[in-house]
Amino acid sequence: MKISKTSTTAHFVNLKRNARVIPYALEQTYTHLVGLLDPYKEHFEVKANTDVHFELWTNHVFRSNGLNAKYKKGLMFAAVVVFKKFVSLYFYPLYVSKSLKENLSDELKPFLTGESCFHFKTLEEIPLSELHKLIDDGFAFYKEQGWVKG
């Protein structure tokens, strides 16, 4: 399995340049998604926590692959970022676990864009029970791998 250290920072740089007022619906959605990740904060390092950007990372040390392999620290667990027309939830366990991706519920599939990113426009459209179950399963997968203690 190839593991690469990624961050939502590249996406977030544009938000800093174009600071704007966040619509209430997006602010509400962002707050709720961060609230879903709140119970897991004690197991992870919070790398970003602002009005529009939240990230949870492990403290796991791993050796990268390749010619210039190095020891690196941290894998992303989840990030929530507010964009102009939607709120993104980046959920890294989907990227590293085929079984999580294969067992993704039909209610969540329409919101999945790319490998591990969900886009939500309003709080009402989020299938909360399914998303909560996915986050629990992702945390259990990280525990199985030994990437987080809990």
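**Figure 1. The whole chain in outline.** Buried residues account for 44% of the 150 residues in the chain. The model shown is predicted. Its secondary structure amounts to 5 helices and 8 strands. Read from the N terminus, the order of elements is α-α-β-β-β-β-β-β-α-α-β-β-α. The chain has an accessible surface of about 8,500 Å². Carbon and sulfur atoms hold 51% of that surface. Take the contacts between residues at least 6 apart in sequence: 57% of them join residues at least 24 apart.

**Figure 2. Helix 2 packs against helix 5.** Helix 2 covers residues 24–37, and helix 5 covers residues 128–145. The two pack at an angle of about 40°. Their axes lie 10 Å apart. An angle between 35 and 65 degrees is neither roughly parallel nor roughly perpendicular, so helix 2 and helix 5 are oblique to each other. The crossing of helix 2 past helix 5 is right-handed.

**Figure 3. The residues between helix 2 and helix 5.** This view stays with the pair of helices that pack at about 40°. On the helix 2 side, the contact is made by His32, Leu33, Leu36 and Leu37. On the helix 5 side, Leu128, Leu131, His132 and Ile135 take part. Sorted by class, the contact of helix 2 with helix 5 has 6 nonpolar and 2 polar residues. Charged residues are absent from this contact.

**Figure 4. Val34, a buried residue of helix 2.** Val34 sits in helix 2. Its relative accessible area is 13%. The cut-off for buried is under 20%, so Val34 counts as buried. Leave aside the neighbours within four places in sequence, and Val34 is in contact with Phe54 and Val80. Leu89 is another residue to find in this view. Val34 and Leu89 are 55 residues apart in sequence, yet 9.3 Å apart in space, C-alpha to C-alpha.

**Figure 5. His132, a contact residue of helix 5.** His132 belongs to helix 5. It is one of the residues that make the contact with helix 2. Its relative accessibility is 36%. That value falls between the 20% and 50% cut-offs, so His132 counts as partly exposed. Look across to Leu37, which takes part in the contact from helix 2. His132 and Leu37 are 95 residues apart in sequence. In space they are 8.9 Å apart, C-alpha to C-alpha.

**Figure 6. Ser129, an exposed residue of helix 5.** Ser129 also lies in helix 5. Its relative accessible area is 59%. Exposed means over 50%, so Ser129 is exposed. Glu107 is 22 residues away from Ser129 in sequence. From C-alpha to C-alpha, Ser129 and Glu107 are 9.9 Å apart.

**Figure 7. Ala140, a partly exposed residue of helix 5.** Ala140 is part of helix 5. With a relative accessible area of 33%, Ala140 is partly exposed. Pro93 is the residue to compare in position. Between Ala140 and Pro93 there are 9.8 Å in space, C-alpha to C-alpha. In sequence, Ala140 and Pro93 are 47 residues apart.

Methods:
Residues numbered from 1 in each chain as written. Predicted model: local features only at pLDDT ≥ 70, side-chain atom pairs only at ≥ 80, totals over all residues. Heavy atoms only, no water. Axes fitted to C-alpha atoms, helices over the stretch in contact; angles between N-to-C directions. Helix = DSSP H or I, 4+ residues; strand = E, 2+ residues; numbered from the N terminus. Parallel < 35°, antiparallel > 145°, perpendicular 65-115°, else oblique. Left-handed = near helix turned anticlockwise from the far one by under 90°. Contact = heavy atoms within 4.5 Å. Nonpolar A, V, L, I, M, F, W, Y, C, P; charged D, E, K, R; others polar. Buried < 20%, exposed > 50% of the residue type's maximum accessible area, 1.4 Å probe, protein only. Areas by Shrake-Rupley, 256 points an atom, 1.4 Å probe, with all protein chains shown as cover.
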